[in-house]
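User: I'd like to practise reading a structure feature by feature. Could you give me the general idea each time and then the case at hand?

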Amino acid sequence: MILPILRWPDPILSQPCAPAVLSADLRALAGDMFETMYAAPGRGLAAPQVGRPVRLFVMDVGWKEGAPSPVVAVNPEILWFSDTRLVGPEGCLSIPGPTTMVARAEAVRMRWSDLDGVAYEELLTGLAAICAQHEYDHLDGVLTLDRLSPEARALAEAEVVA
Ligand code: ZN
């Protein structure tokens, strides 16, 4: 089921999320989030963006290029950020309109669980690292706009499609 995506400045997007609890409900939510993300179309979607403030996100950084790599991250933790940072363009399904230039670590080590409780720990690089940091931010109630200078934020806010 395709779910409505909340848009900034909905207050749910700016609140820290509660730990996710494995359940049939969570599994159904993750399935709906993939469907919603692919339809949008996007490469990542966090549960608070569909009005569920729990620590869950889905991402698939390669599907648009024909190389799907779907990931369900339940209660992710970023254990390490590289010192090397890159500034690149990011869009957000909750902030239609502007593409913002956000500084991110080039690589991160992330630990997470899947819907069966199986734990993963991986070094993420490239687009996966960027996407994971963007979605992880959502779980802490942080948006791309919050990572901009006041001047850049004002410009980006003016570009948001009402
Ligand atoms: Zn986003």
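User: Let's start with strand pairing. Which residue in S3 is the bridge partner of Phe57?

Analyst: One thing to keep in mind throughout: this is a predicted model. As for strands, in a regular one the side chains alternate between the two faces of the sheet. Here, Phe57 has Ala73 as its bridge partner in S3. That bridge belongs with the pairing of strand S2 (residues 56-59) and strand S3 (residues 71-81), which is antiparallel and runs over four bridges.

User: And how many bridges join S3 and S6?

Analyst: Five, again in the antiparallel sense, with S6 covering residues 107-113. To find your way along that pairing, look for Glu77, whose bridge partner in S6 is Arg111.

User: Now the metal. Which residues coordinate the zinc ion?

Analyst: The general idea with a metal is to look at the donor atoms and then at the angles. Ideal angles are 109.5 degrees for four tetrahedral donors, and 90 or 180 degrees for six octahedral ones. In this model the zinc ion is coordinated by Cys92 through SG, and by His134 and His138 through NE2, at 2.0 to 2.3 Å. Keep in mind that water is not among the atoms, so the site may look incomplete.

User: How are those donor residues spaced in sequence?

Analyst: The pattern is C-x41-H-x3-H. The two histidines sit in helix H2 (residues 126-139), and because they are four residues apart there, about one helical turn separates His134 from His138.

User: Are His134 and His138 buried or exposed?

Analyst: Both His134 and His138 are buried.

User: Next, empty space. How many cavities of 30 Å³ or more does the structure hold?

Analyst: The general trick is that rolling a probe the size of a water molecule over the atoms shows where empty space is left. This structure holds one cavity of 30 Å³ or more, and the space in that largest cavity is about 30 Å³. Its lining is made of Cys92, Arg104, His134, Asp137, His138, Val142, Leu143 and Thr144. You'll recognise Cys92, His134 and His138 from the zinc ion. H2 gives the largest share of this lining, three residues. By class, the lining has three nonpolar, three polar and two charged residues.

User: What about the largest pocket: what is its volume?

Analyst: About 480 Å³. There are 28 lining residues, and the closest to the pocket's centre are Arg43, Pro89, Glu90, Gly91 and His134. Strand S4 (85-90), strand S5 (100-105) and H2 are the elements that give two or more residues to the lining. The largest share comes from H2, with six residues. Sorted by class, you get 13 nonpolar, nine polar and six charged residues in the lining.

User: On to the core. Which residues have the most contacts inside the largest nonpolar core?

Analyst: In soluble globular proteins, nonpolar side chains tend to be buried together. The largest nonpolar core here has 19 residues, and those with the most contacts inside it are Phe57, Met59, Val108, Met110, Leu124 and Ala132. At least two residues of this core come from each of S2, S3, S6 and H2. H2 gives the most, with six residues.

User: Let's finish with backbone oddities. Which peptide bond has an omega near 10 degrees?

Analyst: Most residues other than glycine have a negative phi, and most peptide bonds are trans. Here, the bond from Trp8 to Pro9 is cis, with omega near 10 degrees. Pro9 lies in the segment before helix H1 (24-39). Another cis bond runs from Ala40 to Pro41, with omega near -10 degrees, and Pro41 is in the loop between H1 and strand S1 (44-46).

User: What is the phi of Asn75?

Analyst: It's positive, about 50 degrees, although Asn75 is not a glycine. Asn75 sits in strand S3. Its relative accessibility is 29%, so Asn75 counts as partly exposed.

User: And where is Gly42 found?

Analyst: Gly42 is in the loop between H1 and S1. With a relative accessible area of 6%, Gly42 is buried. Try tracing from there to Leu93: the two are 51 residues apart in sequence, yet 7.1 Å apart in space, C-alpha to C-alpha.

Key:
Residues are numbered from 1 along each chain as its sequence is written. This is a predicted model: local features need pLDDT of at least 70, side-chain atom pairs count only at pLDDT 80 or more; totals for chains, interfaces and linings use all residues. Side-chain values use heavy atoms; hydrogens and water are left out. Donors are N, O and S atoms within 2.8 Å of the metal (3.2 Å for Na, K and Ca); water is not among the atoms, so sites may look incomplete. Buried means under 20% relative accessible area, exposed over 50%, partly exposed in between (1.4 Å probe, protein chains only). On a 1 Å grid over the protein atoms alone, a cavity is a set of points where a 1.4 Å probe fits but cannot get out, and a pocket is an open set with protein on both sides within 12 Å along at least five of seven lines; lining residues have an atom within 4 Å of a point. Grid points are joined across faces, edges and corners, and a volume is the space filled by probe spheres set on the points. Ala, Val, Leu, Ile, Met, Phe, Trp, Tyr, Cys and Pro count as nonpolar, Asp, Glu, Lys and Arg as charged, and the others, Gly among them, as polar. Two strands pair if DSSP finds at least two bridges between them. A nonpolar core is a set of buried Ala, Val, Leu, Ile, Met, Phe, Trp, Tyr and Cys residues joined through side-chain atoms within 4.5 Å.
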